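Colleague: I'm new to reading models like this one and would like to start small. Please pick one part, look at it closely, and then show me how the rest is arranged.

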Amino acid sequence: FQAGLAYCGGFSDELRSLAMGYKPFNTTVNLIGGYDGVYAEMLNNLYLYIPLLTMGLMSRELSSGSIKLLYSSPVTNWQIILGKYLSMMIYGLALIFVLLVIALFGSFTIKDFDFPMVLSGLLGLYFLICAYAAVGLFMSSLTSYQVVAAIMTLVVLGLLSYVKNLWQEFELVREITYWLSISGRSGEFIRGLICSEDVIYFITVSALFLVLTVIRLQANRQKAPWTMTIGKYASVLLIASVIGYFSSRPALMTYYDATATKSNTLTENSQDVVAKMKGGLTITTY
């Protein structure tokens, strides 16, 4: 309903501009991609919806005592967690399908519709849903209170958005904290740019919180010492940080510009100018 309202509002604005004699400028970007399109609108609200969906995944099992039935059943901790997570992935596909319906409608009503860019945006939103779901699943495993799990998920998502501002004066730490930030990751997809760094980020963060959830279940199931559990947490975080550091190296990045006009790519003339440069390039901003 919210996506439909955003699309219809943008659609009416475009029609009003045409009626006033203005020439349309990339209607696909204005309606769906870009900074004010449907995808951007949904991107700003997903962090509110996903915690409400994930807050009861494990906390409901803990509060009702049904977690003991899971522990006594012939399933492993990984099977329990992956089963919960798979349900969220399927639900995420249902959300993406709603946006796909809007995109299909746009393909029949918009001239020169940029479908690859739209699909890139859908991929970015789905990656974000999966990452949010992994975070929410872990938070839900920490408490038996659903509201507390939802609040904790919001706090962690807020930290993941703010972490890029921490310790920027230290080069090595800056690279890691900036990589950990989830802010703006899906925005690149929405604008039609698929970067290997962003893809690896979403996969790594999702896997990170899933592994943390499994460690949490193992600690409850086997009554392991807290020092051993903390050590496992630290090891997993260290591995994720190493992956993030190397995947953010410019020499190891790859890009795909999904836009029809290649708006995210330097022109051939600009590439020739950059190729002639010798040494490093320093950019100073204020």
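Modeller: Contact here means heavy atoms within 4.5 Å of each other. Keep in mind that this is a predicted model, in which local features need pLDDT of at least 70 and side-chain atom pairs count only at pLDDT 80 or more, while totals for chains, interfaces and linings use all residues. Residues are numbered from 1 along each chain as its sequence is written, and side-chain values use heavy atoms, with hydrogens and water left out.

Let's take helix α12, which covers residues 196–222. Helices (H or I, at least four residues) and strands (E, at least two) are DSSP runs, numbered from the N terminus. With 27 residues, α12 reaches 38 Å from its first C-alpha to its last. That is close to the 39 Å expected at 1.5 Å a residue, where the expected span is 1.5 Å times one less than the number of residues. Just after α12 comes Lys 223, with a positive phi of about 55 degrees.

Val 199 is a good residue to start with, and you will find Val 199 in α12. Setting aside neighbours within four places in sequence, Val 199 is in contact with Phe 127, Phe 189 and Ile 194. Now look across to Arg 185: its C-alpha is 8.9 Å from that of Val 199, and the two residues are 14 apart along the chain.

Arg 185 also pairs with Asp 198 through a salt bridge (2.8 Å, N to O). A salt bridge is a side-chain nitrogen of Lys or Arg within 4 Å of a carboxyl oxygen of Asp or Glu. Because Arg 185 lies in helix α11 (residues 185–190) and Asp 198 in α12, this pair ties together parts that are 13 residues apart in sequence. Both partners are buried; buried means under 20% relative accessible area, exposed over 50%, and partly exposed in between (1.4 Å probe, protein chains only). Glu 197 joins in too, since Arg 185, Glu 197 and Asp 198 are linked in a network of salt bridges. Side chains of opposite charge can pair when their charged atoms come close.

Phe 209 is the next stop. Not counting residues up to four places away in sequence, Phe 209 touches Ala 134, Val 135, Phe 138 and Val 156. Phe 209 is also one of the residues with the most contacts inside the largest nonpolar core, along with Tyr 39, Leu 99, Ile 182 and Phe 202. That core has 58 residues, and helix α8 (residues 115–142) gives the largest share, 16 residues. A nonpolar core is a set of buried Ala, Val, Leu, Ile, Met, Phe, Trp, Tyr and Cys residues joined through side-chain atoms within 4.5 Å. In soluble globular proteins, nonpolar side chains tend to be buried together.

Ile 203 leads us on to Gly 244: their C-alpha atoms are 11 Å apart, although their positions lie 41 residues apart along the chain. Gly 244 sits in helix α13 (residues 226–247), and it counts as buried because its relative accessibility is 1%.

Now let's step back to the whole chain. Its secondary structure comes to 14 helices and two strands, and its C-alpha atoms fill a box of roughly 70 × 50 × 35 Å along the principal axes. Of the 286 residues, 40% count as buried. Among contacts with a separation of 6 or more, 70% come from residues 24 or more positions apart.

The structure holds five salt bridges. One of them joins Lys 84 and Glu 61 (2.6 Å, N to O). Lys 84 lies in helix α7 (residues 77–109) and Glu 61 in helix α5 (residues 59–64), so that pair ties together parts 23 residues apart in sequence. Both Lys 84 and Glu 61 are buried. Another links Asp 13 with Arg 16, whose closest N and O atoms are 2.8 Å apart. Those two are separated by about one helical turn, because they are three residues apart in helix α1 (residues 2–19). Asp 13 is partly exposed at 41% relative accessibility, and Arg 16 is partly exposed at 46%.

Finally, visit Lys 262, in the loop between β2 (255–257) and α14. Lys 262 has a positive phi of about 55 degrees although it is not a glycine, and it is partly exposed, with a relative accessible area of 41%.
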